[in-house]
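Here are some notes to read alongside the model, written for someone who is new to looking at folds. Please keep the structure open while going through the points.

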Amino acid sequence: MSLLTASLILLLSWCLFEHYAHSEVPPGVCQPLKVRFFHIVLLLLFGTDYIFWKLGITKWLTIVNRAFDGIRPKDDPSLSINDEFFDGVFVRIYQPKEPSAVPRRGIMFFHGGSGIFGSVDAYERLCRYIARESDSVLFSVGYRLAPESPYPSQFYECHDATVHLMRNSENYGVDPARIILCGDSLGGTVATYLCQELKSRTDLPKVRAQVLINPFLQALDCSLPSYQQNRLFPLPTRKDWLRFAAYYIGQSLSVTEMAIAGNLIPEDVQMKYKKWVSSDNVPQKFRIRNRQPALRAASKDNLFNLINEVLDRRLSPLLADDSFLKELPEAFILTCEYDLLRDDGLLYKKRLEENGVPVSWHHLEDGFHAVLLLLNHWLLTFPTAKTGTDSVVNYIKGL
């Protein structure tokens, strides 16, 4: 047996062990067998990437990112697709070719990927679908990733690209009164923060709406019901997600274990925000799967000082004071049952409504994190991806 064959067998064995020993795929998720297959494929990707990185052949996540980018689909006859730079930020523009009698809606789209992977190419199919089906001009922002471009540069780049569009919307056939900020996962964080940040700007058009797809909205409490219920769901597990988050903000991976144990944020800080971030605020129907209350460990060595930045409005817009939420643009929030971040969306929905902001909400009972990203990806697509994407499109068409 050659060394290469033996290495491949070992890698596959590790992937199978990791999947079956350290993850759970509940029967209620859409196509559970396909979810298992997809997770094993991801483990193979991350395992191969790790080996190549350790051997000094590639940078970490290079292989993962190239795999996520995939093969670009063939040209869409109904869309004109062009790449530009908005104040130095890469943006891909999807514009319907059919002439319009009036300026179209403009959608600023921010992709997900925890700030360390993901790209415009990875979201190509989703962005094409939204632009085509909603008859809107969509601008997909290719912000640079960490660690080469450290946090919070991604927020600055998305801000600059958005302001550029607001000031030059007529050049793209976009109605300045119908500019929508839309994001998936971390992109949803960016969209939420920018809506809060731009609402008081008198020199710019007002954002028409915010579309938040499985958004990450708080770094205070990773023991909410959805974080417990889905802690072993493999796309991603809670530990994996916390590792990605720690890497993104430049923190030691030891923060991951502290966050899981509940001793990362001092109790007095947790109590300060309990009125907004608490299991008690999550609707009862979403607490049914919660097996046991989260245990709180005592805080150590004032660790809050080490991660103070993650409670800033950039990464935790859910914790913003009411003054930042009042008079925000109307919102559409999409959540998935088998998503760690489900309760972030539910809690932000509650806070927006309490501050008089109209909210439309769509929940995918069989969905999981980033499922919309897999839209039209051949064997890896899921029916619930189209259901969720169509809910986004239908909302946008009503604006």
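The points below take up the sheet, a helix that lies across it, and a pair of packed helices.

1. This is a predicted model, and a good place to begin is its open sheet, in which eight strands follow one another in the order E1-E2-E4-E3-E5-E6-E7-E8 with mixed pairing. At the edges are strand E1 (79-86) and strand E8 (359-368), each of which pairs on one side only. On average, and with direction ignored, neighbouring strands of this sheet are turned by 20 degrees against each other.

2. Strands of a sheet pair through backbone hydrogen bonds, and they may do so either parallel or antiparallel. Here E1 and strand E2 (residues 89-96) run antiparallel and are joined by eight bridges; to follow one of these pairings, look at Ser80, whose bridge partner in E2 is Gln95.

3. Helix H5 (residues 153-168) lies across E1, E2, strand E3 (104-110), strand E4 (137-141) and strand E5 (174-184), and H5 runs at about 170 degrees to E3.

4. Helix H4 (residues 124-134) packs against helix H13 (residues 383-397) at an angle of about 40 degrees, and their axes are 9 Å apart; this angle is why H4 counts as oblique to H13. The crossing in which H4 passes H13 is right-handed.

5. Which residues make this contact? From H4 they are Leu126, Tyr129, Ile130, Glu133 and Ser134, while H13 provides Lys386, Thr389, Asp390, Val392, Val393, Ile396 and Lys397. Sorted by character, the residues of the contact of H4 with H13 comprise six nonpolar, two polar and four charged.

Key
Residues numbered from 1 in each chain as written. Predicted model: local features only at pLDDT ≥ 70, side-chain atom pairs only at ≥ 80, totals over all residues. Heavy atoms only, no water. Axes fitted to C-alpha atoms, helices over the stretch in contact; angles between N-to-C directions. Helix = DSSP H or I, 4+ residues; strand = E, 2+ residues; numbered from the N terminus. Parallel < 35°, antiparallel > 145°, perpendicular 65-115°, else oblique. Left-handed = near helix turned anticlockwise from the far one by under 90°. Contact = heavy atoms within 4.5 Å. Nonpolar A, V, L, I, M, F, W, Y, C, P; charged D, E, K, R; others polar. Pairing = 2+ DSSP bridges.
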